[in-house]
Every structure is written in C-alpha cells, then in structure tokens.
Amino acid sequence: MRSKIVAGNWKMNNNLEETEALLTELAAKLPDTDAEVMVAPAFVNLADAIRTLDGSAIQVVAQNMHWADNGAYTGEISADMLQSIPVNTVILGHSERRAYFGETDELLAKKVATAIRKKMRVIFCFGEELQERKAGTHFKVVKKQLTEALFTLEAKAWDQLVLAYEPVWAIGTGETASPEQAQEMHAFIRDTISGAYQQDVADKVTILYGGSVKPNNAAEIFSKPDVDGGLIGGASLDAEDFIAIIKAI
Ligand code: PGA
C-alpha cells in the first residue's frame, strides 16, 4: 500500500509567532486520518516548529537544502543541519526554486542524491509550464525532468522518494488541473517509472498533486486512483482550509 500524504508548503510566509499559532491550531484540530500530514515552515522556524508539534503526528519538513555536505556556501543549509534538528524530509525541485533561483534538473539530481545518501526522504517536485501544456509537450517535459533528476538513482532509493506533480500554470493561480488531467499525468508518471525501473517501483511510489488544491476541489482530485495526496501552498496557510483538505483524503 502506498502512503497517502498531505503536505503544506508554507513558502516564505509566517514569522515565529505566526508559525507557532498556526501549528498549535493544526495540532489541536488534526482529524483522524490514515494519511501522513506534513508542514514545511521557513528554515528559521523549523526547530521551533518541532518543539511546538511535540506529541503531534504532524511532521515537519524543509523546503530546500544544499547538495554539498558542508563548506563555503554562504546562506545555504545542509542535510546534516536539517537532520540534527531533526528534520528528515525535504522538498526539492519546487517550480519557484527552478524559476527564481535557477535550479536545473542537473543541479536537482545532485541535491536528490545527497538527500538519499543522507537517508532523508525527498518530496521531488516537477511539472510543465503553461506554454508547454498548450504546445502539447507536457508528457515529454515531465519525462525529461524525471529522467534527468531521478533515473540515475538505484531502485532502492525510491523507497525514500515521494513525487509531487505540480503543473506550473496551476500553482498559486487558482487554476487547478482537472482531476482527469491530474490522473492522466500521474498514470503517465507511473508508466514512465515502470519503464525505467520495474512495475513494483512505480506501484509503490507516492505521487502527490499540487497546484491550487483547495477544500472545494481536494476530494475529487484525491479520488483519482494514481493521486496519493497533495502538496498544498496557499490553502496550507489557513488552518480551517488545511484541515478540510486533510479530511478530503
Ligand atoms: P498552491 O501552491 O497550492 O498555492 O497553488 C502549491 C505549491 O506551490 O506547492
């Protein structure tokens, strides 16, 4: 059985006080669920988030990390630093990292390899841009992203991987992929993985959908057979909305 996951990517939102308030509310209202629930606050608030969530099933994850073990990389955060808190899961390849910070699949392959070697779990994000969807190249683009960033990994590394398909045109825009579009791409992703590895690797990997998931569309998206949960941006900043999305899975 694949794990189901609902993860909230807070991006560059919430100071210390706001982080504590939102987490306290989420912990108090967390419904009974068989899904793993994760939140990704800003780096500076991760350690405090772990303390605030002590005793809660909500997991704290990071939004990014560097590929090097340590060294002269001013302003960067390593896997060891995260694990010492401890944070053992990291989001890599988010479209905002790709668009605003120049992260390429080649660089992401290095980050993923480091995280896997450090025994971390990775939520790897990828997805096509609007013009690629319009040009009908979305399958090709996604296949290339997966191939370049992930397909050099050994099959056993896939136990540490979670995928998050996030069409860029649906992120923060209020425009969601239809449940059918999400299912179609998720099935394609599984097919592509089974071609590169084995069917069991494809069957076991959790694939999240991300891009304007809200309380009013979550249930329909999550009902699709190859959609195993969601990576939630905007709606994860509101406790009521995030809880409603967790209840929808
Ligand atoms: P959104 O963001 O839910 O605000 O569209 C999703 C994401 O960036 O992971």
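## The ligand shell

Thirteen residues surround the ligand. The closest are Lys11, His94, Glu166, Gly172 and Ser212. The model is predicted. By class, the shell has four nonpolar, seven polar and two charged residues.

Three contacts involve oxygen atoms of the ligand. In Lys11, an N or O atom of the side chain is 2.7 Å from a ligand oxygen. For His94, a polar side-chain atom lies 2.6 Å from an oxygen atom of the ligand. Gly172 uses its backbone: an N or O atom there is 2.6 Å from a ligand oxygen. On its own, the ligand has 280 Å² of accessible area, and the protein covers 97% of that.

## His94

His94 sits in a loop. Strand S4 (89-92) is on one side of that loop, and helix H4 (95-101) is on the other. The relative accessible area of His94 is 4%. Buried means under 20%, so His94 counts as buried. This residue is also among the closest to the ligand.

How far apart are His94 and Val213, in sequence and in space? They are 119 residues apart along the sequence. Their C-alpha atoms are 16 Å apart in space.

## Helix H1

Helix H1 covers residues 16-29, which is 14 residues. At 1.5 Å a residue, H1 should span 20 Å. Its end C-alpha atoms are 20 Å apart, so the expected and modelled spans agree.

Which residues of H1 are buried? They are Thr19, Leu22, Leu23 and Leu26. Seen down the helix axis, these buried residues fall within an arc of 95 degrees, so they line one face of H1. Glu17 and Ala28 are exposed on the other side of H1.

## Glu128

Glu128 also has a place in a loop, between strand S5 (121-126) and helix H6 (130-134). Is Glu128 buried or exposed? Its relative accessible area is 0%, under the 20% cut-off, so Glu128 is buried.

The side chain of Glu128 has a polar partner. A polar contact of 2.9 Å joins it to the side chain of Arg133.

## In brief

Lys11 and His94 meet ligand oxygens through side-chain atoms, at 2.7 Å and 2.6 Å. Gly172 does so through a backbone atom, at 2.6 Å. His94 and Glu128 are both buried loop residues. In H1, the buried residues line one face, with Glu17 and Ala28 exposed on the other side.

Terms used. Residues numbered from 1 in each chain as written. Predicted model: local features only at pLDDT ≥ 70, side-chain atom pairs only at ≥ 80, totals over all residues. Heavy atoms only, no water. Near = heavy atom within 4 Å. Polar contact = N/O pair within 3.5 Å; in protein donor to acceptor, adjacent residues only side chain to side chain. Areas by Shrake-Rupley, 256 points an atom, 1.4 Å probe, with all protein chains shown as cover. Nonpolar A, V, L, I, M, F, W, Y, C, P; charged D, E, K, R; others polar. Helix = DSSP H or I, 4+ residues; strand = E, 2+ residues; numbered from the N terminus. Expected span 1.5 Å × (residues − 1). Buried < 20%, exposed > 50% of the residue type's maximum accessible area, 1.4 Å probe, protein only. Arc of directions from axis to C-beta.
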